[in-house]
Amino acid sequence: MEGPPPVASKQRTAEVRGVRTQVVCTAFGSHILVLVTQCGKVGTLVALEPGAAAGDIGRPALATRVLLGRDEPLIHVFAKNLVTFVSQEAGNKAVLLAMAVKDRSMEGLKALKEVIRTCQVW
């Protein structure tokens, strides 16, 4: 009796603004893991948890916490902008984001979001 796999995962490699980028998305029971690397390493690990205070009606605000790597304000802003849609589309699940990104421009962020969408497992 085979059922669905306990862990669903997809990965993609794409050129994002001229930089080879690898994305892996994995869905666990209560969390989504998103790995985005342009450096071939895990980089900074950020936990994004839906909070009790609502930012918009029906949409909990995501609280960010750096678990590994440099804890800088730009990391928190970039992480929220990059994967908020993942949490929302997954029914407000927590997201664990691992990122080693060279291009942190708005254009780069938008392109990275599109690659993440192609790895949808939620």
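Author: Buried means under 20% relative accessible area. The model discussed here is predicted.

Reader: Why does Cys25 count as buried or exposed?

Author: Cys25 has 0% relative accessibility. The cut-off for buried is under 20%, so Cys25 counts as buried.

Reader: What makes Cys39 partly exposed?

Author: Its value is 38%. Partly exposed lies between the 20% and 50% cut-offs, so Cys39 counts as partly exposed.

Reader: How do you know how many disulfides there are?

Author: A search of the whole structure finds zero. Cys25 is in none: the nearest cysteine sulfur, that of Cys119, is 4.6 Å away. A disulfide needs two cysteine sulfur atoms within 2.5 Å. For Cys39, the closest cysteine sulfur is also in Cys119, at 18 Å, so a bond is ruled out by distance.

Reader: Why are Phe85 and Trp122 called an aromatic pair, and which geometry do they have?

Author: Their ring centres are 6.3 Å apart, and the limit for a pair is 6.5 Å. The planes meet at 70°. An angle over 60 degrees counts as edge-to-face, so that is the label for Phe85 and Trp122. A search of the whole structure finds one aromatic pair.

Reader: What does the pair tie together?

Author: Phe85 lies in helix H1 (residues 73–89), and Trp122 in the segment after helix H2 (106–117). These parts are 37 residues apart in sequence, so the pair links them. Phe85 counts as buried, at 8% relative accessibility.

Reader: What lies over the face of Phe85?

Author: Arg117 does, at 4.1 Å from the ring centre. The distance cut-off is 6 Å.

Reader: Which residues have the most contacts inside the largest nonpolar core?

Author: They are Val34, Val36, Leu82, Val83, Leu97 and Ile116, in a core of 29 residues. Strands S2, S3, S4, S5 and S6 each give two or more residues, as do H1 and H2. H1 gives the most, with seven.

Reader: What is Val36 in contact with beyond its neighbours within four places in sequence?

Author: Its partners include Val23, Leu82, Leu97, Met99, Leu112 and Ile116.

Reader: Which elements make up the protein?

Author: Two helices and six strands. From the N terminus on, they run β-β-β-β-β-α-β-α.

Reader: What makes the protein as compact as a globular protein of its length?

Author: Its radius of gyration is 14 Å. The globule rule gives 14 Å for 122 residues, so the protein is as compact as a globular protein of that length. Of the 122 residues, 36% count as buried.

Definitions and conventions: Residues are numbered from 1 along each chain as its sequence is written. This is a predicted model: local features need pLDDT of at least 70, side-chain atom pairs count only at pLDDT 80 or more; totals for chains, interfaces and linings use all residues. Side-chain values use heavy atoms; hydrogens and water are left out. Buried means under 20% relative accessible area, exposed over 50%, partly exposed in between (1.4 Å probe, protein chains only). Rings of Phe, Tyr and Trp (its six-membered ring) pair if their centres lie within 6.5 Å; planes under 30 degrees apart count as stacked, over 60 as edge-to-face and the rest as tilted. Helices (H or I, at least four residues) and strands (E, at least two) are DSSP runs, numbered from the N terminus. A charge sits over a ring if NZ of Lys or CZ of Arg is within 6 Å of the ring centre and within 35 degrees of the ring normal. A nonpolar core is a set of buried Ala, Val, Leu, Ile, Met, Phe, Trp, Tyr and Cys residues joined through side-chain atoms within 4.5 Å. Contact means heavy atoms within 4.5 Å. The radius of gyration is taken over C-alpha atoms; the globule rule is 2.2 Å times the number of residues to the power 0.38.
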